[in-house]
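Here is a set of questions on a protein chain and its ligand. Work through them with the coordinates open.

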Amino acid sequence: MLTTPFTELLGITYPIVQGGMQWVGRAELAAAVSEAGGLGMITALTQPTPDDLRREIERARALTDKPLGVNLTILPTIDPPPYDEYRRAIFDSGITIVETAGSNPAPHLDEFKRHGVTVIHKCTSVRHALKAEQVGVDAVSIDGFECAGHPGEDDIPGLILIPAATQRVNIPVIASGGFADGRGLAAALALGADGINMGTRFMCTVESPIHQQIKEAIVAADELDTELIFRPLRNTARVAKNSVSTEVVEILEAGGSFPDVRELVAGARGRTVYETGDAQAGIWSVGLVQGLIDDIPTAGEVVTRTVAEARDILTSSLARFAAG
Ligand SMILES: Cc1cc2nc3c(=O)[nH]c(=O)nc-3n(C[C@H](O)[C@H](O)[C@H](O)COP(=O)(O)O)c2cc1C
């Protein structure tokens with residue numbers, strides 16, 4: 001056990017979450033994290049329909065009976081997916097933990113609460129964390145500028161953002177962005193967080209359903225190999241640096257608009273990366289923390305060794321400084 005208010009809230013053994021990941025957060029990965037004592041998260045919108053989500057949850061349930069979550073990313077798009085039907089698929093499947101992200105979760109909260117769902121809202125600023133607490137979520141996950149995916153527009157790294165959040169928010173806070181090991185978990189706890197959320201680290205594991213060559217590309221890459229796209233559109237995303245991401249940045253910096261890059265950033269091209277192993281085929285999310293990743297272990301091994309390393313740091317390596 002490594003007990004924090006977050007593990008107590010959710011009834012999990014270790015304060016380690018595998019955050020929602022488009023095309024990556026499928027049953028095998030989520031179940032492996034949960035089975036090891038962390039919290040695995042199936043990504044709802046990776047499933048083309050709510051019925052596919054029901055089946056995916058069933059597949060995960062066949063692999064573990066430990067607590068399991070679903071990520072519901074709320075995209076401010078013109079043509080939104082049928083969120084109420086995805087929500088229903090979540091309740092019907094008996095899921096009681098949801099990670100919301102993308103926009104204010106308020107429109108979904110009444111329904112979640114009616115069905116006894118514990119909501120973790122993932123956000124990228126202290127003001128959004130405070131807002132989420134005020135509208136009634138149970139925990140917040142806060143993504144620093146280091147993170148894969150959408151770091152927001154404030155560019156505040158975790159070293160500042162996490163303590164800034166933990167000293168003002170009263171519900172459990174999960175530190176996210178840039179975590180890959182026990183050093184990170186120990187640091188997050190020292191900064192006042194109640195646990196960590198990891199994306200890139202879990203993406204580079206045996207159970208992660210992406211092509212082996214992409215996992216090897218993550219191992220080979222360092223902390224300089226990401227790029228921020230969509231900056232001028234104020235919808236920044238941290239992605240792997242490749243010929244496509246560089247072209248997108250050049251077009252937008254030269255005054256282009258979204259229609260000029262629409263084809264380059266298409267989700268289908270990103271999916272091709274994971275399916276074919278061609279890292280240049282499209283845009284794919286990855287965090288700065290790839291610079292700290294140098295192997296492809298099982299997801300369970302990531303959970304177990306992260307906890308063991310953090311314990312050692314907290315009880316032994318750091319204790320020697322205080323003893324002097
Ligand atoms: C491949 C990939 C896809 C992601 N897709 C989503 C998503 O659909 N919804 C979401 O809320 N976060 C998404 N994220 C963000 C992660 O849940 C997590 O917040 C982030 O990866 C943390 O930063 P780290 O990669 O440094 O650990 C994604 C991350 C990765 C690596």
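Q: Which elements each supply at least two residues of the shell around the ligand?
A: The model is predicted. Two strands and one helix reach that count. They are β3 (68–73), β8 (196–198) and α9 (200–203).

Q: Which element gives the most to the shell around the ligand?
A: The candidates include β3, β8 and α9, each with at least two residues in the shell. One of them leads with three residues. That element is α9.

Q: How many residues surround the ligand, and which are the closest?
A: The shell around the ligand holds 29 residues. By class, 10 are nonpolar, 15 are polar and four are charged. The closest are Gly 19, Ala 101, Gly 199, Thr 200 and Gly 287.

Q: Which domains does the shell around the ligand draw on, with at least three residues from each?
A: The domain assignment splits the protein chain into domain 1 (5–209 + 296–323) and domain 2 (212–289). The shell takes at least three residues from each of them. The names asked for are domain 1 and domain 2.

Q: How many Å separate the centres of domain 1 and domain 2?
A: The centres are taken over C-alpha atoms. On that basis, the separation of domain 1 and domain 2 is 23 Å.

Q: How many residues does the contact take from domain 1, and how many from domain 2?
A: On the side of domain 1 that touches domain 2, the residues divide into nine nonpolar, seven polar and three charged. The contact takes 19 residues from domain 1. From domain 2 it takes 15 residues.

Q: Are α8 and α14 parallel or oblique?
A: Helix α8 (residues 182–190) and helix α14 (residues 299–317) have axes that come within 7 Å. The axes cross at roughly 55°. That angle makes α8 to α14 oblique.

Q: Is the crossing of α8 and α14 left-handed or right-handed?
A: Gly 182, Arg 183, Leu 185 and Ala 186 of α8 make the contact, with residues of α14 including Arg 305, Ile 313 and Leu 314. By class, this contact has seven nonpolar, two polar and three charged residues. The crossing of α8 and α14 is right-handed.

Q: Why are α2 and α3 called oblique to each other?
A: Helix α2 (residues 27–35) and helix α3 (residues 50–61) have axes that come within 8 Å. Angles under 35 degrees count as roughly parallel, and 65 to 115 as roughly perpendicular. The α2 and α3 axes cross at roughly 40°. The two helices are therefore oblique.

Q: Which residues of α3 meet Ala 27, Ala 30 and Ala 31 in α2?
A: The crossing of α2 and α3 is right-handed. Their contact has four nonpolar, no polar and two charged residues. The α3 residues that meet the α2 ones are Glu 56, Arg 59 and Ala 60.

Q: Is α3 roughly parallel or roughly perpendicular to α4?
A: α3 and helix α4 (residues 83–92) have axes 9 Å apart. They pack at an angle of about 25°. That angle makes α3, relative to α4, roughly parallel.

Q: How many charged residues does the contact of α3 with α4 have?
A: α3 passes α4 in a right-handed crossing. Pro 50, Leu 53 and Arg 54 in α3 meet Glu 85, Tyr 86, Arg 88, Ala 89 and Asp 92 in α4. By class, four residues of this contact are nonpolar and none is polar. The charged ones number four.

Note on methods
Residues are numbered from 1 along each chain as its sequence is written. This is a predicted model: local features need pLDDT of at least 70, side-chain atom pairs count only at pLDDT 80 or more; totals for chains, interfaces and linings use all residues. Domain bounds come from an automatic or database domain assignment. Two residues are in contact if their C-beta atoms, placed from the backbone, lie within 7 Å. Ala, Val, Leu, Ile, Met, Phe, Trp, Tyr, Cys and Pro count as nonpolar, Asp, Glu, Lys and Arg as charged, and the others, Gly among them, as polar. A residue is near a molecule or strand if its C-beta atom, placed from the backbone, lies within 6 Å of it. Helices (H or I, at least four residues) and strands (E, at least two) are DSSP runs, numbered from the N terminus. Axes are lines fitted to C-alpha atoms, for helices over the stretch in contact, and angles run from 0 to 180 degrees between N-to-C directions. Angles under 35 degrees count as roughly parallel, over 145 as roughly antiparallel, 65 to 115 as roughly perpendicular and the rest as oblique. A crossing is left-handed if the near helix is turned anticlockwise from the far one by less than a right angle, and right-handed if clockwise.
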